[in-house]
Amino acid sequence: MRARPSSEVSSLSEAWALLGLTGPAEGPALTTAFRAAVKAARPDQTGGDEARFRKVIAAWRLVQSAPPQAALAAPEAPAHAQTIIAITPQDALNGGPITVHAGDRTLRVQAPAGMRSGEHLRLKGGAADGADLYLPVLIRGADGLSVIGDDVYMSWPIPLRLVEDGGRLEIDTHAGPRSAWIVAGQEPLRLRLRGLGLPARGPRPQGHLFVTLTPSEDAPSAAEDLLIRFTRVWTPDRLAA
């Protein structure tokens, strides 16, 4: 008997987004998306989060319990959808050239910024008969970043003092240093940096960056953090200018 859908996920659209999909999927594509999403959300992994992990599981159960008619809104799967293009979060954020291995062929394609898992890239003349290929994209975690839906996730170490007393911290994000404040005893230790997720693309909105703060004795102290910021501003090049 299939599990009943969880109230943590209110709709199939939300469930697909949590699994990193832009719409219905089935078979290997759905399983691959679920495995990637649940691995990125695991609390014991870098950038993971217990609440997000529960929601990914709930999304999977909701999709599994949905009637077959729910998939009718999905476009017909391309003939060559068995090949999946794996890209990194940085590829999804910035776009750029992607190397694709299709059968015995190696192709290069320009990926636009803001691609989501489940979307398809067009490879002109990529098939053996010269026809175009439409291959699904899957964003896999890399370089401390993971992506679910429109949002990017990462973790960042902070001194134990900040956890106890609160204060200002600086986070090195993919978009450069960003400052944030936390309050004493803040729960959960997670920040949302608006507008630093995947860029808006088509009907998909601009995403956000979620940072899980990890208490660490090795994190820079307040004085060391200040020195780092001072050094960035007063570099020799800036002084010469």
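A crossing of two helices is left-handed if the near helix is turned anticlockwise from the far one by less than a right angle, and right-handed if clockwise. The legends below use this term. The model is predicted: local features need pLDDT of at least 70, side-chain atom pairs count only at pLDDT 80 or more, and totals for chains, interfaces and linings use all residues. Residues are numbered from 1 along each chain as its sequence is written, and side-chain values use heavy atoms, with hydrogens and water left out.

**View 1. The whole protein chain has 7 helices and 11 strands.** Helices (H or I, at least four residues) and strands (E, at least two) are DSSP runs, numbered from the N terminus. The protein chain has 241 residues, and 39% of them count as buried (under 20% relative accessible area; exposed is over 50%, partly exposed in between; 1.4 Å probe, protein chains only). About 13,600 Å² is exposed, and carbon and sulfur atoms supply 53% of that area (Shrake-Rupley method, 1.4 Å probe). Among contacts with a separation of 6 or more, 51% come from residues 24 or more positions apart. Contact means heavy atoms within 4.5 Å.

**View 2. Helix α2 packs against helix α3.** α2 covers residues 27–41 and α3 covers residues 50–65. Their axes lie 8 Å apart, at an angle of about 160°. Axes are lines fitted to C-alpha atoms, for helices over the stretch in contact, and angles run from 0 to 180 degrees between N-to-C directions. The two helices are therefore roughly antiparallel (over 145 degrees; under 35 is roughly parallel, 65 to 115 roughly perpendicular, the rest oblique). The crossing of α2 past α3 is left-handed. From α2, the contact uses L30, T31, F34, A37, V38, A40 and A41. From α3, it uses R52, F53, V56, I57, W60, V63 and Q64.

**View 3. G96 sits in strand β2.** This strand spans residues 96–102. G96 is buried, with a relative accessible area of 12%. Leaving aside neighbours within four places in sequence, G96 contacts V109, Q110 and A111. The C-alpha atoms of G96 and V109 are 8.2 Å apart, with the two positions 13 residues apart along the chain counted as their separation.

**View 4. D143 has a positive phi.** The value is about 55°, although D143 is not a glycine. D143 is found in the loop between β5 (133–139) and β6 (146–148). D143 is exposed, at a relative accessible area of 70%.

**View 5. The peptide bond from E187 to P188 is cis.** Its omega is near -5°. P188 lies in the loop that links β9 (176–183) and β10 (190–193).
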